[in-house]
Amino acid sequence: MQSTGQPVSRYQDKNWWRQAVVYQIYPRSFVDSNADGIGDLKGITSRIDYLKSLNIDAVWLSPFYPSPLVDGGYDVSDYRDVDPKLGTLADFDEMLAALHKAGIRIFVDIVPNHCSYLHQWFQDAITSLPNSLERNRFIFRNGRGENGELPPTDWVSHFAPSAWTHESTFGGKHNQWFLHYFAPEQPDWNWDNPEIEEDFLKTLKFWADRGVDGFRIDVAHGLKKDLSEPFRMRNTLEHEVDRPADGNGILADRNEVFDVYRKWRKLFNQYDPPKVAVAEANVLPERVPLYASEETLGQCFDFRFIFIPFTARSYKESVAEAIELAKVNGSSCTWCLSNHDQIRHATKLGLDKSVDRKLWMLSDGTSAPLDKESGTRRALAATLFILALPGSTYLYQGEELGLHEVTDIPESMIQDPQYLKNLKVDKGRDGSRVPLPWNAQADYFGFSTGASHLPQPAWFKDYAVNVQSGKAESALSTYQRALQKRKELICEELITWHETGNAEVLHFSRPNGWNCLINFEGSDYLIPQGEILLSSAPITDGRLPAGTTVWIKR
Ligand code: GLC
Ligand code: CA
């Protein structure tokens, strides 16, 4: 399954995904076409030229399905339609055709662990009797205590103290509780019920037949739960073994989930080229290959660059480990530095290493200084580093502008359940979801002509697309150039490390003479002989400054 070198008919190549660059669009915050302050599908279609100018291979759209937006659309009330706030199925088809015409493929987000409480099947369930067919699509149980007033177990959710909510919260009258791994408005499906399996196959086929090329699978480690009774209590477990290596946790990463994905794979392989999938699985590293196997989803995000410090040692170790894991089953690596769930990487890299980012965000970014310039500079260096590695790269909208996290969204405007439902112990993820600045001079920086759903700070103007376009040293131009060059340079998925004699500098090469060097900190480093292709910041006298990456051909 090694890629052969391309590019003749990249479109038919069934391995196109192995080294693709995928750009994540968060639709509500990309472009708004009708002044309601919410980005939409027509907005995306209106920016095909911009997407094309980035030289990406594909876009991944976060959910655009009908949703009450309790969790930014990851609470789906109808899997086979478009949210009227974002457009129509016809708009979707138009967007897809325009993307394909521009040579850009499309991934959609599938959210199989849970739906929205407004999904018709949950509405049916809540008004039905215990043990009914309707309730059996979800996980309803009686409570503990004399009158069932206590949740059935001590299981916790990501967004709430308990993973159980009493049905009366949503109007149910039978004194039962239902399970939710995330917010109470996101009831978990009962994946032991074959009807759910069938319905998701129908959803996948619906989008695949419409022409989407790939699927990003949300919380791919969820779905299957250990519901054997008496229930296992969490207090008997260490938190760390929530998802143990043996695949026998309570709520996540259970071995049975691969039976589901094997069925999905059969469906994907009925298409030519086969549909592609990438798992969002937060699991132990040794479990990653199970999700990324040829028989299951094929690829699994590697989130380690989101969390590791900006040091030569951790970067090198992380690359080596990820490559080893990908080799287990012939998958390819999937690198990323940012996404809609994380603090923007320019901001992380502009903070002193000693800063607790969670507390810093809770202080509205006031508890420690942020060096924005160094952050953006290091972010570009990190990006050029991962772009030169074998495998695919996932970029998040706005990172190509060197954009920073918005840290001071007023409490009254926060939308994220990670803050609102979670005892307010962290500020949540809205700061990376603020609508993009397109035009420094326009109202709402060209995102919309009406007030944007999350407020854009005044400093966004410095990062606007129109300010950066055509400026050789801007973040945007650097991304554009790098992605263009990468297309020309892409080759076999192999790397060789080279000694640098400097603990702060890494150097690797690809089989065709594409070399990448990064200097993390300290003094300038003399770049070895070769043709300088591009760099993340200006280079003088052939020396690589701290916080800079260079690509050379030799
Ligand atoms: C995934 C999504 C995140 C969402 C969660 C629940 O982790 O990336 O945004 O809140 O799933 O669906
Ligand atoms: Ca709109």
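How many Å separate the centres of domain 1 and domain 2, taken over C-alpha atoms? I started my notebook with that one, and the answer is 30 Å. A reminder to myself before going on: this is a predicted model.

**Entry 1: the domains.** I looked up the domain assignment, which gives three domains. Domain 1 comes in two segments, 17-114 and 194-475. Domain 2 covers 120-179, and domain 3 covers 492-553.

**Entry 2: where domain 1 meets domain 2.** I checked who takes part in the contact and found 23 residues from domain 1 and 17 residues from domain 2. Together the two domains bury about 1,600 Å², with 64% of that on carbon and sulfur atoms. Next I asked which three residues supply the most of the area that domain 1 buries against domain 2. They are Glu195, Phe231 and Arg234, with 28% of it.

**Entry 3: polar links across the contact.** I found two salt bridges between domain 1 and domain 2. I also looked up the pair Glu229 and Arg141, which form a salt bridge with their closest N and O atoms 3.2 Å apart. Residue pairs in polar contact between domain 1 and domain 2 number five, counting those with both residues at pLDDT 80 or more.

On the side of domain 1 that touches domain 2, helix H5 (194-210) and helix H13 (417-420) are the elements giving two or more residues. H5 gives the most, with three residues. I sorted the residues of that side by character too: eleven are charged, eight nonpolar and four polar.

**Entry 4: ligand 1.** I moved on to the surroundings of ligand 1 and found 13 residues there. The closest are Asp71, His114, Asp218, Glu280 and Asp341. Then I looked up some distances to oxygen atoms of the ligand. For Asp341, a side-chain N or O atom is 2.5 Å from one. A polar side-chain atom of Glu280 lies at 2.7 Å, and for the side chain of His114 the value is 2.8 Å.

**Entry 5: backbone oddities.** Where do the cis peptide bonds I looked up sit? One joins Glu229 and Pro230, with omega about 0 degrees. Pro230 is in the loop between strand S7 (214-217) and helix H6 (257-268). I was happy to meet Glu229 again here, as the salt-bridge partner of Arg141. Another cis bond joins Asp272 and Pro273, with omega about -5 degrees, and Pro273 is in the loop between H6 and strand S8 (276-279).

Last, I noted Asn175, which is not a glycine yet has a positive phi of about 55 degrees. Asn175 lies in the loop between strand S5 (164-166) and strand S6 (176-179).

Technical notes: Residues are numbered from 1 along each chain as its sequence is written. Chains are lettered from A and ligands numbered from 1 in the order in which they are written. This is a predicted model: local features need pLDDT of at least 70, side-chain atom pairs count only at pLDDT 80 or more; totals for chains, interfaces and linings use all residues. Side-chain values use heavy atoms; hydrogens and water are left out. Domain bounds come from an automatic or database domain assignment. Contact means heavy atoms within 4.5 Å. Buried area is the accessible area (1.4 Å probe) that two parts lose on being put together, summed over both. A salt bridge is a side-chain nitrogen of Lys or Arg within 4 Å of a carboxyl oxygen of Asp or Glu. A polar contact is a pair of N or O atoms within 3.5 Å; within protein, one must be able to donate a hydrogen and the other to accept it, and residues adjacent in sequence count only if both atoms are side-chain atoms. Helices (H or I, at least four residues) and strands (E, at least two) are DSSP runs, numbered from the N terminus. Ala, Val, Leu, Ile, Met, Phe, Trp, Tyr, Cys and Pro count as nonpolar, Asp, Glu, Lys and Arg as charged, and the others, Gly among them, as polar. A residue is near a molecule or strand if one of its heavy atoms lies within 4 Å of it.
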